Amino acid sequence: MRIDLRSDTVTKPTEAMRKAMYEAEVGDINMFEDPTVLKLEEMAAERLGKEAAILVTSGTQGNQVAILSQTGRGDEIIVEASSHIVMLEGAAHAVLAGVQPRQVPGKRGVMNPDDVRAAIRPMIDPHYPKSAMICVENTHNFHGGVIVPNDNLAQLQEIAQEAGIRMHMDGARVFNAAVASGLPVSEITKYVDTVQVCFTKGLGAPVGSILAGDQETINTARHWRKRLGGTMRQAGVVAAPMLISLTEMVDRLAEDHANARLLAEGLANIEGVEINLDDIDTNMIYFSMKEDGPITARDLLIGCYHEGVMGGMMTPGQIRFVTHHEVTTDDIHKALEVINRVAKSKVTA
Ligand SMILES: Cc1ncc(COP(=O)(O)O)c(C=O)c1O
C-alpha cells in the first residue's frame, strides 16, 4: 500500500493528459506558432479575467517573471512573511530582480490592510527603497491551504491603487480557493494586476504555470521569460495536459477538499493530535502532536511511512498532509487506520 499525502505536486499525468501530449499540435513558441500554447494562453487569460497570459515553466518562474516585469532594482515588495516567495524560492527576488522583501506577518496568511498600508514607504526619499508591489498568496501554503478572503483582497487592492503600486497573486492553488468558495476564479483574480497559477499541483499537469495580467505587463513578461531561459520551443506537449487541467481537473478539486476534511476530522479524534479544524479550507492539513502525548510528530511520520502512508514535515514538529486526485476517499479511511495504529505505538527510528 502507498498513499502519498506529501504534496499535491506528486501527481502524475492522467491517461487523458498523456494522450493529449502525444496528439498535441506543436510549433515554435518563439515564433508564436504553437497552436496548443496559444490556445492555452488564450483560454487561461479568459478564465482568469485578464487581457493576456503566458506559459512559464514553473510557479517559481511565474512569480519571478511577475516581479521582474513590475519592479526595478532596489525596489521593495510587500509580502506576507511566510509566503512561498519569501521562504521557498531561493531568494530569487533578491538575486534576480534585486528587490528587497518587506515582510508583513499575516494571521492565517492574511495580511492586515493597516499593516500593509504602514509598510508602504511614505515618500520618495533616497533613504527609502521605492515600494513597488504587494504580493499575496492564495491559497496560502504555509498556513495550511487557507483562503485569503475577497474583502481582504479588495482592501489591499485599494491600498495598492492609492499608492500607485502593483499587486501580484501567487495563485499556485487559486483554483482550490475558487472551488472551495464556490466562485468563478476571475472573481478572486480581479483584485490583482497579475496572477501566477500552478498547473502541477491539484490540477495534475506534469509541467507548467501560467502568468496572467494586462497585455503590457505580459509583453514585458515575455522578455523576462526569455532572459530566464523559460521560452521553450514545441511546448504544445506541455500545454496540452494543462488544457486538460483547465477543462477536466478544476471542478473535481472539491473531492480533494472533502477528503482533506474527512482526514482532518479523523485526525482530530486521535489521541495526542493537535489540529484546528477551522483552518482546513481546501486540500491541506497541518497538525502537530502534543508534547506530553503518546508519540512525537517525527515518530508518527516515520511509523506511517513504514506502513505506506506518506506525509511531510514542513517545520519541526508539524506534519503536513495534502490530498490530490490520486488519493481516494477509501485511501483516506485506510490512511486513518494506519495513523491511528501508529499513534498508539511507540516508534523510534
Ligand atoms: C504557494 C506556492 N507558490 C509557488 C510555488 C512554486 O511552484 P514550482 O514548484 O512550480 O516552482 C509553490 C510550490 O509548491 C507553492 O506552493
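Student: How far is an oxygen atom of the ligand from a polar backbone atom of G59?
Tutor: This is a predicted model, so read the distance as computed. The G59 partner is a polar atom of the backbone, and the ligand partner is an oxygen. A polar contact requires N or O atoms within 3.5 Å. The G59 pair is separated by 2.8 Å.

Student: Which residues surrounding the ligand are the closest?
Tutor: The ligand is surrounded by 13 residues. G59 is one of the closest, and its backbone supplies the polar atom already described. The closest residues are G59, T60, N141, D170 and R173.

Student: How far is an oxygen atom of the ligand from an N or O atom in the side chain of R173?
Tutor: R173 is among the closest residues around the ligand. Here the side chain provides the N or O atom. The distance to a ligand oxygen is 2.9 Å.

Student: Which residue has a polar side-chain atom 3.0 Å from an oxygen atom of the ligand?
Tutor: R173 also approaches a ligand oxygen through its side chain, but at 2.9 Å. The 3.0 Å value belongs to another side chain. That residue is K201.

Student: How far apart do the C-alpha centres of domain 1 and domain 2 lie?
Tutor: The chain is assigned two domains: domain 1 spans 12–248, and domain 2 spans 252–344. Their contact takes 20 residues from domain 1 and 15 from domain 2. The C-alpha centres are separated by 29 Å.

Student: What share of the area buried between domain 1 and domain 2 do carbon and sulfur atoms give?
Tutor: The two domains bury about 1,500 Å² between them. Carbon and sulfur atoms contribute a stated part of that area. Their share is 53%.

Student: Which side chain meets R108 in a salt bridge?
Tutor: Two salt bridges are counted between the domains, along with eight residue pairs in polar contact. The R108 bridge runs from N to O at 3.0 Å. The partner is D279.

Student: Which helix gives the largest share of the side of domain 1 that touches domain 2?
Tutor: By class, that side has eight nonpolar, eight polar and four charged residues. One helix, at residues 174–181, supplies five residues. It is helix α8.

Student: Where does T139 lie?
Tutor: The backbone is worth a look here. The peptide bond from N138 to T139 is cis, with omega near 0°. T139 itself sits in the loop between β5 (131–137) and α7 (150–163).

Student: What is the phi of A91?
Tutor: A91 falls in the loop between α4 (84–87) and α5 (92–97). F32, in the loop between α1 (15–23) and α2 (35–48), has a positive phi near 55° without being a glycine. A91 is not a glycine either, and its phi is positive, about 55°.

Terms used:
Residues are numbered from 1 along each chain as its sequence is written. This is a predicted model: local features need pLDDT of at least 70, side-chain atom pairs count only at pLDDT 80 or more; totals for chains, interfaces and linings use all residues. Side-chain values use heavy atoms; hydrogens and water are left out. Domain bounds come from an automatic or database domain assignment. Contact means heavy atoms within 4.5 Å. Buried area is the accessible area (1.4 Å probe) that two parts lose on being put together, summed over both. A salt bridge is a side-chain nitrogen of Lys or Arg within 4 Å of a carboxyl oxygen of Asp or Glu. A polar contact is a pair of N or O atoms within 3.5 Å; within protein, one must be able to donate a hydrogen and the other to accept it, and residues adjacent in sequence count only if both atoms are side-chain atoms. Helices (H or I, at least four residues) and strands (E, at least two) are DSSP runs, numbered from the N terminus. Ala, Val, Leu, Ile, Met, Phe, Trp, Tyr, Cys and Pro count as nonpolar, Asp, Glu, Lys and Arg as charged, and the others, Gly among them, as polar. A residue is near a molecule or strand if one of its heavy atoms lies within 4 Å of it.
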